[in-house]
Amino acid sequence: MTDHTMRALVATEYGEPERLTVADLPVPRPGPGQIQVRIAAATVNPPDLHVISGAFGDVLSLPFPYVPGTEFAGTVTEAGAGVTAYRVGDEVFGSALPRPFAPILAHLPRPSLGTGALAEYTVCEADTPLIAHRPAGVPAEQAAALAIAGSTAQALLDVSELKPGETVLVIGATGSVGLTVLPLLAAAGVRIIATAAREAGATLLRRLGAHEIIGHDPAEYPAGADVVFNLVLGAERLPDAARAVRPGGRLVSIVYPEPTAEQVGRDDVRVHFVWDVAGEHGGMRRVADAAAAGELTAVIASRYPLTDAVRAVVDYARTHPLGKIVVTGAELPA
Ligand SMILES: NC(=O)c1ccc[n+]([C@@H]2O[C@H](COP(=O)([O-])OP(=O)(O)OC[C@H]3O[C@@H](n4cnc5c(N)ncnc54)[C@H](OP(=O)(O)O)[C@@H]3O)[C@@H](O)[C@H]2O)c1
């Protein structure tokens with residue numbers, strides 16, 4: 001590594017996460033409207049695995065070497081021309097999909113894109129609601145872990161318009177979004193039925209406010225839930241989720257792509273898809289405020305230094321972590 005190179009997690013071809021390496025790459029430099037951030041914490045998310053496997057090949061193709069990683073917290077180390085919101089030394093956090101995702105964000109005037117967060121440095125767009133200052137009271141690893149799960153949890157609450165006393169079934173509750181949304185549901189005064197395959201997950205969900213735990217088998221889903229959050233099932237399993245909704249109730253899904261009416265198979269439930277890549281539900285400023293107020297927290301399963309980032313992604317793929325896997329920044333001179 002020199003002054004001009006950095007360590008980064010790198011895919012050099014499509015394949016399993018075991019084929020990733022930690023390698024030296026040029027430090028990315030910010031263009032107009034962009035900031036360079038020295039990463040303090042970044043996380044691993046499902047799309048990191050999907051894109052390197054080649055599974056999204058029909059919608060986006062990767063240039064190699066490819067640096068994964070979307071959500072992060074860190075320190076601004078350089079600001080490009082025209083950036084007024086951030087200065088060198090500012091603590092920031094947020095979500096910036098790696099640039100090869102641009103085709104699926106083509107509908108947005110200002111998509112939040114970056115050079116990949118699982119690295120010592122990333123460069124991202126400054127003028128987007130998905131990047132914000134990190135409040136002093138929110139640790140970097142919490143901020144990084146809340147960027148996606150926190151904003152998604154807030155959007156889920158917004159669109160579902162819950163009333164106290166309603167029943168909500170959360171499918172995929174043991175995932176990172178589920179673990180962050182559960183306390184919000186508990187605070188909303190609803191009855192929470194949540195899925196967990198193992199006792200450790202069930203215990204954690206009860207601690208976060210779940211009233212009833214069921215297994216992953218759709219046969220265990222209740223009939224007549226006012227709201228069902230689908231946080232994990234793909235299109236082919238949507239009818240299972242829909243069957244649990246009462247007539248006139250709501251099915252809210254976060255699993256890409258947006259469900260079609262045919263996939264859901266019911267015309268007597270309201271179907272919503274949440275994927276707030278435009279920050280329409282308040283973006284990172286709202287996440288920052290809620291995290292600082294103690295209303296949003298992420299469960300951290302384990303931490304790895306950047307030098308061990310391959311193991312972080314492999315463990316994410318091969319084990320069943322309860323909570324976020326955080327990759328922490330390399331030790332660098334201040
Ligand atoms: N639209 C958006 O804005 C948005 C935002 C974030 C995430 N997402 C998407 O939402 C999904 C979940 O994300 P995440 O980060 O929460 O994922 P995650 O942390 O990988 O969690 C998925 C959870 O679902 C559980 N699960 C697996 N199969 C299940 C089943 N049949 N029934 C119930 N639970 C099951 C898993 O449990 P085990 O580990 O025990 O199998 C795991 O705890 C992914 O597809 C992700 O891409 C979308």
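Helices here are DSSP runs of H or I with at least four residues, numbered from the N terminus.

This is a predicted model, in which local features need pLDDT of at least 70, side-chain atom pairs count only at pLDDT 80 or more, and totals for chains, interfaces and linings use all residues. Residues are numbered from 1 along each chain as its sequence is written.

**View 1. Three helices help to line the ligand shell.** Helices α1 (46-53), α2 and α3 each supply at least two residues of the shell around the ligand. The largest share, 3 residues, comes from α3.

**View 2. Meet the residues around the ligand.** The ligand is surrounded by 24 residues (each with its C-beta atom, placed from the backbone, within 6 Å of the ligand), and the closest are T174, G175, I254, W275 and H320. Domain 1 (5-134 + 299-328) and domain 2 (149-273) each give at least three residues to this shell; the domain bounds come from an automatic or database domain assignment.

**View 3. Helices α2 and α3 pack together.** Helix α2 (residues 140-160) meets helix α3 (residues 176-187) at an angle of about 50°, and their axes are 9 Å apart. Axes are lines fitted to C-alpha atoms, for helices over the stretch in contact, and angles run from 0 to 180 degrees between N-to-C directions. The two helices are therefore oblique to each other (not under 35 degrees, roughly parallel; over 145, roughly antiparallel; or 65 to 115, roughly perpendicular).

**View 4. A look at the contact between α2 and α3.** Contact means C-beta atoms, placed from the backbone, within 7 Å. On α2, the contact residues are L146, A149, G150, T152, A153, L156 and L157, while α3 offers S176, V177, T180, V181 and L184.

Key
Two residues are in contact if their C-beta atoms, placed from the backbone, lie within 7 Å.
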